[in-house]
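Visitor: Could you take me slowly through one part of this model, the sheet and the helix that lies across it? I am new to this, so please explain the terms as you go.

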Amino acid sequence: MADITASMVKELRERTQAGMSDCKAALVEASGDMEKAVEVILKKGIVKAAARAGRVATEGEVRTSVSASGTHGTIVEVNCQTDFVARGDAFKSFVHGVLESAKTLQKGGDLGAHKFHGSDKTVDLVRQELTSKTGENTVVRRWAHVETHGTHGLVHSYVHMGGKIGVLIEADAPNAAGRTNPDFTSFVEGVALQICSMNPRAVRREEISKGEVDKQREIFTAQFKEEQAALPKEKQKPEAIWGKIIDGKVNKWLDEVTLLGQDYVVEAGKGTVEAVRKEVSSKVGGEVKLLSFVRFELGEGIEKKSEDLAAEVAKMTGG
C-alpha cells in the first residue's frame with residue numbers, strides 16, 4: 001500500500017472539501033492515486049455529506065406553527081453554516097418539512113427517524129441529501145410542542161427577524177368569552193414579545209431551582225465582599241446587615257429572570273408582567289394565567305470554532 005502523507009490528504013481535502021477521514025480513506029482505496037481518490041470522493045455523496053457534520057452550523061431558522069384551534073403549537077430550530085444557504089429555497093423547504101413532520105410526532109420521539117413530510121424517507125436521510133446538495137452541514141437541532149391544558153387555553157407564537165428567535169406561549173382565559181376578548185389576546189401577544197425580548201428563564205419564581213438560587217447567592221456574596229473590602233473601613237456596611245443586602249440582590253435577580261417579575265416592556269410604565277396580568281384579569285372577568293413557554297434563539301449555546309487545517313491533517317495522519 002502506498003504511503004499516505006499529510007500533504008496528500010491536505011490536497012485532496014482542498015480539491016473536494018470532504019472530511020479528513022474520508023480523504024485519507026479515499027487515498028488508501030485509490031492506492032495513493034490522487035485522481036482516483038477524487039473520483040472515490042465524488043461517487044460517495046452520502047459519505048461526503050456525513051463528513052461535513054463536523055463543521056459548526058450556527059445559521060439557519062427557527063420556525064413555529066400553531067393549530068387553527070389555537071390549542072397546540074410546534075417550534076423547530078434547523079441550522080446550517082451560512083446565511084446564504086439559510087435564505088435559499090431548498091433550505092427553507094426543508095425547514096417547512098421538518099416542522100410539518102414534528103407536528104405529527106409525540107413528545108420525546110426521535111425526529112430524525114420520523115418520516116419526512118410528504119416522503120417515505122426519514123428526516124435524517126433528507127437532511128443528509130440537503131447537506132450533500134448545498135455543501136454545508138445541516139442540523140435539525142431541536143424541537144418542542146406546547147399544548148393547552150385548560151378548557152379555555154390558548155397557544156400563541158411569535159417569530160422575530162425572520163427566524164432568529166421563536167416563541168411559543170401557553171395562556172389560559174377564565175371563560176370562553178375571555179379567550180376571544182381583545183384584552184386577553186393582545187396581552188398574550190405582548191407577553192410573547194416580552195419573552196422574545198427579555199429572555200426569562202421561567203414563568204414564576206417557584207420554577208427556578210434551589211441550586212440556581214444558591215449559586216447566584218454565592219456569586220452576589222463574593223461580589224459584595226470584594227466591594228466592601230475595596231472601601232475605606234468607615235464606609236463599609238456593618239456585617240450584621242450583609243445578609244439582608246444579599247437577600248435584596250437575590251430577590252431583584254429573581255424578578256429579572258422570571259416572566260411575571262419582569263417589567264412589562266411592551267407598554268412602559270405599566271409595571272411588571274404580573275401587574276398587567278392582574279389588570280387584564282379584572283377586565284375579562286376572571287383570572288388570566290400564564291402557564292408555560294418555549295423560546296428558541298438561533299444558534300444559542302453553539303460555540304463557533306475556527307478550524308486549524310494543518311493541525312487537523314496532522315491529527316488524521318498521525319503526524
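Guide: Happily! Let us begin with two terms: helices (H or I, at least four residues) and strands (E, at least two) are DSSP runs, numbered from the N terminus, and two strands pair if DSSP finds at least two bridges between them. What you see is a predicted model, in which local features need pLDDT of at least 70 and side-chain atom pairs count only at pLDDT 80 or more, while totals for chains, interfaces and linings use all residues. Residues are numbered from 1 along each chain as its sequence is written, and side-chain values use heavy atoms, with hydrogens and water left out.

Now to the sheet. It is an open one, made of three strands in the order 4-5-6 with antiparallel pairing. Strand 4 (153-160) and strand 6 (289-297) are the edge strands, each pairing on one side only. From one strand to the next, the twist averages 15 degrees; axes are lines fitted to C-alpha atoms, for helices over the stretch in contact, and angles run from 0 to 180 degrees between N-to-C directions. Eight bridges link strand 4 to strand 5 (residues 165-172) in the antiparallel sense, and there you can find tyrosine 158 opposite valine 167 of strand 5.

Next, look at helix 9 (residues 182-198), which lies across strand 4, strand 5 and strand 6 and runs at about 140 degrees to strand 5. At its start, a side-chain oxygen of asparagine 181 comes within 2.7 Å of the backbone nitrogen of aspartate 183. The helix has 17 residues, so at 1.5 Å a residue it should span 24 Å, and its end C-alpha atoms are indeed 24 Å apart (the expected span is 1.5 Å times one less than the number of residues). After helix 9 comes asparagine 199, with a positive phi near 50 degrees.

Which residues of helix 9 are buried? They are Phe184, Phe187, Val188, Gly190, Val191, Ala192, Gln194, Ile195 and Cys196. Here buried means under 20% relative accessible area, exposed over 50%, and partly exposed in between (1.4 Å probe, protein chains only). These buried residues pack against strand 4, strand 5, strand 6, helix 8 (176-179) and helix 12 (273-284), where contact means heavy atoms within 4.5 Å.

That brings us to the nonpolar core, a set of buried Ala, Val, Leu, Ile, Met, Phe, Trp, Tyr and Cys residues joined through side-chain atoms within 4.5 Å. In the largest one, of 24 residues, those touching the most other members are Ile169, Phe184, Phe187, Val191, Val273 and Leu290. Strand 5, helix 9, helix 12 and strand 6 each supply at least two residues of this core, and helix 9 gives the largest share, seven residues. Leaving out residues up to four places away in sequence, phenylalanine 184 touches several others, including Leu154, Ala171, Val280 and Val288.

Let us finish on strand 6, with serine 292. At 25% relative accessibility, serine 292 counts as partly exposed. Its side chain makes a polar contact of 2.7 Å with that of glutamate 170; such a contact is a pair of N or O atoms within 3.5 Å, where within protein one must be able to donate a hydrogen and the other to accept it, and residues adjacent in sequence count only if both atoms are side-chain atoms. Serine 292 and valine 146 are 146 residues apart in sequence, yet their C-alpha atoms are 7.9 Å apart in space.
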